[in-house]
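Subject: Structure handover

Hi,

Here is the structure I promised to pass on to you. Have a look at it first, and then read my notes underneath.

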Amino acid sequence: MKRQTLDTGWTLSRLRAPSSAPALPNSVPAAVPGNVHLDLMAAQLITDPYLDVNEISQDWIGRSAWRYRLAFDWDGEDAERIDLSCLGLDTAARLELNGSLLGETRNMHRSYRFDIGNQLKSGRNELIVDFQSAYEHGEEVRKRLGSAADIPQNYPGPSNLIRKMACNFGWDWGPTVVTAGIWKPVVIESWSKARLGSIRPEITLQGSQGVARLHVEIEWADKGTDSAALVLSIGGKRVEVRVAQGETHALIECRIDNPQVWWPHGMGGQPLYDLDLQLLGSDGAALDGWKRRVGFRSVRLDTTPDEIGSAFTLVVNDVPVFARGANWIPDDCFLPRVTRERYRERIAQARDANMNMLRVWGGGIYETDTFYEECDAAGVMVWQDFLFACATYPEEEPVHSEIEAEAREAITRLMPYASLVIWNGNNENIWGYFDWGWQDVLGNRPWGAGYYLDLLPKVVAEIDPTRPYWPGSPYSGSMEIAPNADEHGCKHIWDVWNEVGYETYRNYIPRFCSEFGWQAPPTFATLAQSMREKDPAPASPAVLHHQKATGGNDKLLQGLEGWFPHPENFDNWLFVTQLNQARAISYGIDHMRSHRPTCMGTIVWQLNDCWPVTSWAAIDGAGRKKPLWYALKHSYAPHLLTIQPRGDRLAAIAVNDATLFWRVPFTVERFDFTGRLLARHHVWRILCDRFENTDIEIPTELATAGDPRREYLRARLGDAEAWWFFEKDMQLQYPQPRFDIESVQTTDGIAVTITAQSFLRDVCLFVDRISPNAEVDDMLVNLAPGESRTFRVKGISKEAFDDADLSAVIRTANQVAERAHH
Ligand code: BMA
């Protein structure tokens, strides 16, 4: 097998465009992999679509048709077969080689292979890939389907009719940038005799044995001539099987005794084994090969009925795991920009926030292999949605066949990855069917249930029997039980944020919460780079353009109710809404973790952003951490101590997600804001076993404040700490914040020590305001009078820090709450 990647020399030209479109040169250089937007940007024919309100005037790009053209030389390779392998075409494409049609494709989520032996010639060749506008393609499907296409969806565009990343048409956090292009590599593969077709590896842990069982398809250039052999090497073992001539299926298996076991991080290591599969000719010559790094582990989903309802617990290597996670969306609207470095950084940010799971949400893509490789290495489990989100989907042709083919390919491609622990049918579609009025519109037309309840479970069971499948997020496990029930399955909590305050989190004890979220603007530095407004305000045109949620800005203010007064300027708006986001999500997580093992997972909406925007994300569109990221790091700590109401009492709950028992002294103290100790309770030792919770009673005399507006509880359990305030911020009589600041140069930045002279709540450092790439190691720290804390800041000089106006850099909750009392 010889591979030649066609990654240089391409050009792009426009075939058709709406009348509103600007003139373009005949052709511009094109990047492959890439897309039209990126080429137009590189040629400086459009400005950055993420800047200001540029998105609006660039709508014509998604409504145009485009041609990619490549002239290349071929030296007449001596091979029996020559294939053109296209790993990703976005979306409706027509391919021609030297004037002959190779084929037409209709699915961004599939790869395609064409035998080009008859069209390819020695010397100069011309390859053309034409892309129809995704809207036009959607219209064609709509016409073909008739009334079957006229079914409910929550977002605009034909994303439920065509197989293209749904959020490209705009989402409540994403712009409408309808891409087209060759988004993954194009390769010419020349081969003789035979090649490896699809490879389906079942990698499992059975008792003390690691099993690598590969179902291999072999494709023959010429069926009648020769036999071949498969050789599988892994962990120092080598297995060989003969493949009779013309045989297209083979099974090869290797067992390793007592392998090193792969674990989610925090529970053990992530040893990965090099797996190498070779296809050899009868003469022993290598015909084709395939390599992956695999990890041995087992996974199942425990849904055993219990006195509450039924469990929803992932069990890895026979250990129930609490999933501490976030939802993952495409990290950029322009997918080819997401490099390995970027994936690695983002996944490291998730892991550093103590997460052990990412859910790849159904409105995006089956991620690139790089994503799963990085998750394997980091020990971050992956929940993978099939690509259906917030809509009904027709089950008629041509949609049905595309979906089946896509699912088969995606499952096969992603099977090798140890981090992938569960397949999920869809995002919110079963919920929508039952609770969003869709049934009235649908009548008895199909809406997608056939995919989630029939096709996908069958295909997963057939192709990947090693992993659990669940029909939807949310889903209760039965069409007879409300899909978003607390007692069964996985749940989304969205009345919090959309309708009610975050106190309502405590009304729910889900078995597994796969979505809940709260919005806030991106960091200051990210906002500043995404708009050129001189005087940004929450509702100024560019700021508002980077807020896509219906009523989003109003909800940001409504959500402050009781906690903070409405901010009177832009800086305070940024800070207080970001602070409130962090508070809201910690409130939810601490509550749900305190109910382990009833609840066995919290997947926050959302980890990342695809552009600079006000959204539910913890990490903004430029990769900067919002205060929420720091809150997640605290609330997802393996050792969590949290004070929670239990009936009319207060309890401290120790949550131990570490692999060792936790046996440490416990202290809870009541102070007032001046620092006076009012009451104290000490327990010599508390035992909290590994992967368990322990409830610790707080005596009533401690839990009852003399003046609830001026007192708080502070509890300590070994390395963990918990705070309890008796009122919301608006009621609390915080002192004016007073503190000393000292900075010291370090090797990679500075160390800033803040010494509190008054009680300080939620100390935050927004160092991106001084230097856009600076980053602080912690935020949201409470300090009693006299107490100090040293923050490490990377990417900043001492001079820059010392010279800066720190009024918008160092912030406390005291500052934004105090207006309430004047
Ligand atoms: C759910 C998600 C997303 C959406 C989010 C915030 O509906 O599945 O579709 O972005 O809530 O509204």
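Below is what I found, beginning with the ligand and ending with some backbone details.

Please keep in mind that this is a predicted model.

The ligand site

Eleven names are worth having at hand when you open the viewer: the ligand is surrounded by Trp 171, Asp 172, Trp 173, Trp 361, Cys 390, Asn 427, Glu 428, Trp 494, Glu 515, Trp 605 and Trp 616. Sorted by class, this shell holds seven nonpolar residues, one polar residue and three charged ones. Both domain 1 (2–189) and domain 3 (320–635) supply at least three residues to the shell.

Three side chains have an N or O atom that pairs with a ligand oxygen. For Glu 428 the distance from such a side-chain atom to an oxygen of the ligand is 2.5 Å. For Trp 171 the corresponding value is 2.9 Å, and for Trp 361 it is 3.2 Å. How much of the ligand does the protein bury? On its own the ligand would expose 300 Å², and 93% of that is buried by the protein.

Domains

The protein chain splits into domain 1 (2–189), domain 2 (193–294), domain 3 (320–635), domain 4 (639–727) and domain 5 (739–821). Between the C-alpha centres of domain 1 and domain 4 there is a separation of 58 Å.

Pockets

The largest pocket encloses about 1,700 Å³ of space. Its lining is made up of 48 residues, and those nearest the centre are Leu 87, Ser 111, Arg 292, Glu 409 and Arg 413. By class, the lining of the largest pocket has 21 nonpolar, 12 polar and 15 charged residues.

The second largest pocket holds about 1,300 Å³. Which residues are closest to its centre? They are Ser 586, Asp 590, Ala 722, Trp 723 and Asn 782, out of 45 that line this pocket. Several elements give two or more residues to that lining, including helix H14 (570–594), helix H15 (627–635), strand S37 (720–725) and strand S43 (788–794). In class terms, the lining of the second largest pocket has 18 nonpolar, 10 polar and 17 charged residues.

Backbone details

Most peptide bonds are trans, and most residues other than glycine have a negative phi. Here are some places to check with that in mind.

The peptide bond from Ser 473 to Pro 474 is cis, and its omega is near 0°. Pro 474 sits in the loop that runs between strand S27 (469–470) and strand S28 (491–493).

Another cis peptide bond leads from Trp 605 to Gln 606, this time with omega near 15°. You will find Gln 606 in the loop between strand S30 (601–604) and H15. Trp 605 has already come up above, as one of the residues around the ligand.

Lastly, Asn 317 is a residue other than glycine with a positive phi, near 50°. Asn 317 belongs to the loop between strand S21 (313–316) and strand S22 (319–321).

Happy to go through any of this together whenever it suits you.

Best wishes

Technical notes:
Residues are numbered from 1 along each chain as its sequence is written. This is a predicted model: local features need pLDDT of at least 70, side-chain atom pairs count only at pLDDT 80 or more; totals for chains, interfaces and linings use all residues. Side-chain values use heavy atoms; hydrogens and water are left out. A residue is near a molecule or strand if one of its heavy atoms lies within 4 Å of it. A polar contact is a pair of N or O atoms within 3.5 Å; within protein, one must be able to donate a hydrogen and the other to accept it, and residues adjacent in sequence count only if both atoms are side-chain atoms. Accessible areas come from the Shrake-Rupley method with a 1.4 Å probe; for residues, only the protein chains shown count as cover. Ala, Val, Leu, Ile, Met, Phe, Trp, Tyr, Cys and Pro count as nonpolar, Asp, Glu, Lys and Arg as charged, and the others, Gly among them, as polar. Domain bounds come from an automatic or database domain assignment. On a 1 Å grid over the protein atoms alone, a cavity is a set of points where a 1.4 Å probe fits but cannot get out, and a pocket is an open set with protein on both sides within 12 Å along at least five of seven lines; lining residues have an atom within 4 Å of a point. Grid points are joined across faces, edges and corners, and a volume is the space filled by probe spheres set on the points. Helices (H or I, at least four residues) and strands (E, at least two) are DSSP runs, numbered from the N terminus.
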